[in-house]
Amino acid sequence: LVKGGLPHAAALEAVAANPEARALLVVGEGINEIDASGEEVMHHVVQHLRDAGIEVSFSGLKKQVVDVM
């Protein structure tokens with residue numbers, strides 16, 4: 001479960017702190033906007049985690065964030 005901060009940094013920290021975890025939930029209700037470079041970073045982080053066998057899910061994303069992603 002990831003809340004607050006920079007989502008990509010928090011996601012990597014959560015996985016590093018819990019190496020046995022097989023799933024990551026990013027609670028995105030605090031993310032008000034994301035630009036193209038932020039979306040690209042998130043894409044690479046999610047791909048890296050999925051390649052490592054970790055399922056990544058998002059919840060609570062605002063419409064304007066989903067539209068960019």
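**Strand pairing, helix α2 and the nonpolar core**

In the predicted model, L25 has S57 of strand β3 standing opposite. A further such position is V27, which stands opposite S59 in β3. The strands concerned, β2 and β3 (residues 55–59), run parallel and are joined by 5 bridges. Between these strands the chain passes through α2, giving a β-α-β crossover that is right-handed.

The chain as a whole contains 3 helices and 3 strands. Read from the N terminus, the elements follow the order β-α-β-α-β-α. Of the 69 residues, 28% count as buried.

Two close approaches involve the loops that follow the paired strands. G28 lies in the loop between β2 and α2. With a relative accessibility of 0%, G28 counts as buried, the cut-off for this class being under 20%. G28 and G60 are separated by 32 residues in sequence, yet their C-alpha atoms are 5.1 Å apart in space. A second pair is formed by L61 and E29, which are likewise 32 residues apart in sequence; here the C-alpha to C-alpha distance is 5.3 Å. L61 belongs to the loop between β3 and α3. Its relative accessibility is 24%, so L61 counts as partly exposed.

Helix α2 spans residues 36–51 and comprises 16 residues. From its first C-alpha to its last, α2 reaches 22 Å, close to the 22 Å expected at 1.5 Å a residue. Within α2, the residues M42, V45, V46 and L49 are buried. These residues lie on the same side of α2 because they cover an arc of only 100 degrees around the axis. The other side of α2 carries the exposed residues A36, H48 and D51. After α2 comes G53, a residue with a positive phi, near 85 degrees.

The largest nonpolar core consists of 14 residues, among which V15, L24, L49 and I54 touch the most other members. Two or more residues are given to this core by each of α1 (7–17), β2 (23–27) and α2. The most is given by α2, which supplies 4 residues. L49 thus appears both among the buried residues of α2 and among the core members that touch the most others.

Polar side-chain contacts were also examined. The structure holds 1 salt bridge. D67 and K63 form a salt bridge in which the closest N and O atoms are 2.8 Å apart, within the 4 Å cut-off applied to such pairs. D67 and K63 are separated by about one helical turn, because they are 4 residues apart in helix α3 (residues 63–68). D67 has a relative accessibility of 53% and therefore counts as exposed. K63, at 60% relative accessibility, also counts as exposed. For both residues, the class follows because exposed means over 50% relative accessible area.

Conventions:
Residues numbered from 1 in each chain as written. Predicted model: local features only at pLDDT ≥ 70, side-chain atom pairs only at ≥ 80, totals over all residues. Heavy atoms only, no water. Expected span 1.5 Å × (residues − 1). Buried < 20%, exposed > 50% of the residue type's maximum accessible area, 1.4 Å probe, protein only. Arc of directions from axis to C-beta. Core = buried A, V, L, I, M, F, W, Y, C linked by side-chain atoms within 4.5 Å. Salt bridge = Lys/Arg side-chain N within 4 Å of Asp/Glu carboxyl O. Pairing = 2+ DSSP bridges. Right-handed = clockwise from strand over helix to strand, strands pointing away.
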